[in-house]
Amino acid sequence: VSLRVSAAFHSNYLIKGQEEFEAELNRVTFGNPQANILSTVDGELVSDGSLIRKSLIDQFVQPVLFHNAISHALRDKHDCFVEIGANALIPMVEKILVEQSINPKEVNMEYWKFQTSEC
């Protein structure tokens, strides 16, 4: 699906940014998560800290497989989705739920917005 975006996100145009981001992430120790993390790089669960790092780095230049990730979560009977950011993804989750004959009102979806000043 082609989307109108403001920049060439998730494309080879971001290789330089990816390299800089990787250098910074390599300074951080990643532990294994205590909650389920779904990667939109491959649509799969990530349970190893080093794989979370890899996924974060890869997402700079890889397409977003959001539908795959949400479908995976639904197959595994997850029923809580929390978006932190721009409030753009919850409507997409609702659309996927309807496509899979699931009533969005039966799924817990939350939107958390963080202002720059709060970070």
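Helix α3, residues 66-75 (helices here being DSSP runs of H or I, at least four residues, numbered from the N terminus), is largely enclosed by the rest of the structure, because seven of its ten residues are buried, where buried means under 20% relative accessible area, exposed over 50%, and partly exposed in between, with a 1.4 Å probe and protein chains only. The buried ones are Phe 66, Ala 69, Ile 70, Ser 71, His 72, Ala 73 and Leu 74.

I should say at once that this is a predicted model, in which local features need pLDDT of at least 70 and side-chain atom pairs count only at pLDDT 80 or more, while totals for chains, interfaces and linings use all residues. Residues are numbered from 1 along each chain as its sequence is written, and side-chain values use heavy atoms, with hydrogens and water left out.

Let me turn to the salt bridges, meaning a side-chain nitrogen of Lys or Arg within 4 Å of a carboxyl oxygen of Asp or Glu; by that rule there are three. In the one between Glu 20 and Lys 16, the N to O distance is 3.1 Å, and the two residues are separated by about one helical turn, being four residues apart in helix α1. Glu 20 is partly exposed at 45% relative accessibility, whereas Lys 16 is exposed at 57%.

Glu 24 pairs with Arg 27, with the closest N and O atoms 3.3 Å apart; here Glu 24 is partly exposed, at 45%, and Arg 27 is exposed, at 65%.

Finally, Lys 54 and Asp 58 meet at 2.5 Å, N to O, and both lie in helix α2, four residues apart.
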